[in-house]
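Q: Could you take me through one part of this structure slowly? I am new to it and would like a close look at the salt bridges.

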Amino acid sequence: MTEPRHTDVAAKELNDINQLLQQHAKMLEKHPTDSLLRLSYEQFEYRKRQLLKELHLSLSLYFIGQVA
């Protein structure tokens with residue numbers, strides 16, 4: 001298994017994804033039938049879940065390294 005990226009890098013990308021999700025949500029309110037916009041939103045949601053897992057692993061490894 002490869003090591004996760006540094007915590008700060010994953011957190012920054014997660015922040016960027018959250019901003020994109022907010023923008024997509026606003027656009028979906030204006031264009032609720034836009035299937036490509038919906039698909040894009042779902043892809044960002046999936047990426048967010050992956051980043052949360054990566055961030056969790058990164059933080060776990062960071063804290064284990066601090067204790068050891």
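What follows is a walk through the salt bridges, with a little background to begin with.

A: Happy to! This is a predicted model, in which local features need pLDDT of at least 70, side-chain atom pairs count only at pLDDT 80 or more, and totals for chains, interfaces and linings use all residues. Residues are numbered from 1 along each chain as its sequence is written, and side-chain values use heavy atoms, with hydrogens and water left out.

Let's start with the setting. The protein has 2 helices and 0 strands; these are DSSP runs numbered from the N terminus, with helices (H or I) of at least four residues and strands (E) of at least two. Its C-alpha atoms fill a box of roughly 55 × 20 × 10 Å along the principal axes. Of its 68 residues, 21% count as buried, where buried means under 20% relative accessible area, exposed means over 50%, and partly exposed lies in between (1.4 Å probe, protein chains only).

Now for the charges. Side chains of opposite charge can pair when their charged atoms come close. A salt bridge here is a side-chain nitrogen of Lys or Arg within 4 Å of a carboxyl oxygen of Asp or Glu, and the whole structure holds 4 of them.

Arg 5 is a good place to look. Its salt bridge with Glu 13 has the closest N and O atoms 2.9 Å apart. Arg 5 counts as partly exposed, at 31% relative accessibility, and Glu 13 is also partly exposed, with a relative accessible area of 22%.

Arg 5 also forms a salt bridge with Glu 54, and there the closest N and O atoms are 2.8 Å apart. This pair links distant parts of the chain: Arg 5 sits in the segment before helix 1 (7–30), while Glu 54 belongs to helix 2 (residues 35–67), 49 residues away. Glu 54 counts as buried, at 16% relative accessibility.

These residues belong to a wider arrangement, for a network of salt bridges links Arg 5, Glu 13, Arg 47 and Glu 54.

Another salt bridge joins Lys 12 and Asp 16, whose closest N and O atoms are 3.2 Å apart. Why can these two reach each other along the chain? Both lie in helix 1, and because they are 4 residues apart, about one helical turn separates them. Lys 12 counts as exposed, at 52% relative accessibility, whereas Asp 16 is partly exposed, with a relative accessible area of 30%.
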